[in-house]
Amino acid sequence: MIATITTYFDCSEDELWEKIKEPWSLQYVSAPILSFRAESGVALTRDWEVDKPYPLKLHLFSIIPLGTHTIKLVKIDRESKIIKSQEKGLIAPVWNHDIHFSEIEPGKVKYTDRIEIKASFLTPF
């Protein structure tokens, strides 16, 4: 299944880039349904790093454990405003995520998430 979600933000491309390049921006976009916590011994650096696996613990509503979820960024391109990740976990063995955004007018950014999810019978959920 492929889900595409578009959102508009009142900010500049540079302002959005400064936020989205941080690993903890994941908490903001996934809340309140999903939350991610670093596995013990895993440091979430200031900025995402390409080809570095980030093993995380996934929770539903910050309470119910859903197993591990590993994120590996395969592309971070500031010039074209694209971030691509290959993710996998207990619930979804395939979770490929593409982010693209562009300023459509001064102070207004169009942000699009495209997520390919393969989670067996759970995919629609």
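In this predicted model, His97 in strand 6 is the bridge partner of Ser85. The two strands concerned, strand 5 and strand 6, pair in the antiparallel sense, and 6 bridges hold the register between them.

This pairing belongs to a wider sheet. Seven strands make up an open sheet in the order 1-7-6-5-4-3-2, and the pairing is antiparallel. Strand 1 and strand 2 occupy the edges. Each has a single partner strand, so one side of each lacks a neighbour in the sheet. From one strand to the next, the twist averages 30°.

On the far side of strand 6 from this register lies another pairing, with strand 7. Strand 6 and strand 7 run antiparallel and are joined by 11 bridges. Within this pair, Asp98 has Arg114 of strand 7 as its bridge partner. The two strands form a hairpin with 2 residues between them. Gly107 sits in the turn and has a positive phi of about 80°.

Strand 7 also pairs with strand 1. This pairing is antiparallel and spans 8 bridges. Ile5 stands opposite Asp113 of strand 7. A salt bridge involves strand 7 as well: Asp10 pairs with Lys108, and their closest N and O atoms are 3.1 Å apart. Lys108 belongs to strand 7, whereas Asp10 lies in the loop between strand 1 and helix 1. The pair thus links distant parts of the chain, 98 residues apart. The structure holds 10 salt bridges.

Helix 1 lies across strand 1, strand 4, strand 5, strand 6 and strand 7. Its direction relative to strand 6 is about 155°.

Open space was examined next. The largest pocket holds about 980 Å³ of space. Its lining has 34 residues. Closest to the centre of this pocket are Ile33, Leu34, Trp95, Ile115 and Ile117. Several elements give two or more residues to the lining: strand 1 (2-9), helix 2 (25-30), strand 2 (34-38), strand 3 (53-60), strand 4 (64-77), strand 5 (82-89), strand 6 (94-105) and strand 7 (108-118). By residue class, the lining of the largest pocket divides into 25 nonpolar, 7 polar and 2 charged residues.

The second largest pocket has a volume of about 230 Å³. Phe9, Cys11, Glu15, Leu16, Lys19, Ile20, Glu22, Trp24, Ser25, Tyr28, Val29 and Tyr111 line this pocket. Helix 1 (13-20) and helix 2 each supply at least two of these residues. Helix 1 gives the most, with 4 residues. The lining of the second largest pocket divides into 8 nonpolar, 1 polar and 3 charged residues.

Enclosed space was considered separately. The structure holds 2 cavities of 30 Å³ or more. The largest cavity contains about 180 Å³ of space. Its lining consists of 13 residues. Leu26, Trp48, Ile83, His97 and Ile99 lie nearest the centre of this cavity. His97 is also the residue of strand 6 that is bridged to Ser85. Helix 2, strand 4, strand 5 and strand 6 each contribute at least two residues to the lining of the largest cavity. The classes there are 9 nonpolar, 3 polar and 1 charged.

The second largest cavity has a volume of about 40 Å³. Pro23, Trp24, Leu26, Gln27, Phe36, Arg37, Leu44, Trp48 and Leu56 form its lining. Helix 2 and strand 2 are the elements that give two or more residues to this lining. Its residues divide into 7 nonpolar, 1 polar and 1 charged.

Some residues recur across these spaces. Leu26 and Trp48 are among the residues nearest the centre of the largest cavity, and both also line the second largest cavity. Trp24 lines the second largest pocket and also the second largest cavity. Helix 2 is likewise a recurring element. Helix 2 gives two or more residues to the lining of the largest pocket, and at least two to that of the second largest pocket. The lining of the largest cavity takes at least two residues from helix 2, and that of the second largest cavity two or more.

Note on methods
Residues numbered from 1 in each chain as written. Predicted model: local features only at pLDDT ≥ 70, side-chain atom pairs only at ≥ 80, totals over all residues. Heavy atoms only, no water. 1 Å grid on protein atoms, 1.4 Å probe; cavity = no way out; pocket = protein on both sides within 12 Å on 5 of 7 lines; lining within 4 Å. Points joined across faces, edges and corners; volume = space filled by probe spheres on them. Nonpolar A, V, L, I, M, F, W, Y, C, P; charged D, E, K, R; others polar. Pairing = 2+ DSSP bridges. Axes fitted to C-alpha atoms, helices over the stretch in contact; angles between N-to-C directions. Contact = heavy atoms within 4.5 Å. Salt bridge = Lys/Arg side-chain N within 4 Å of Asp/Glu carboxyl O.
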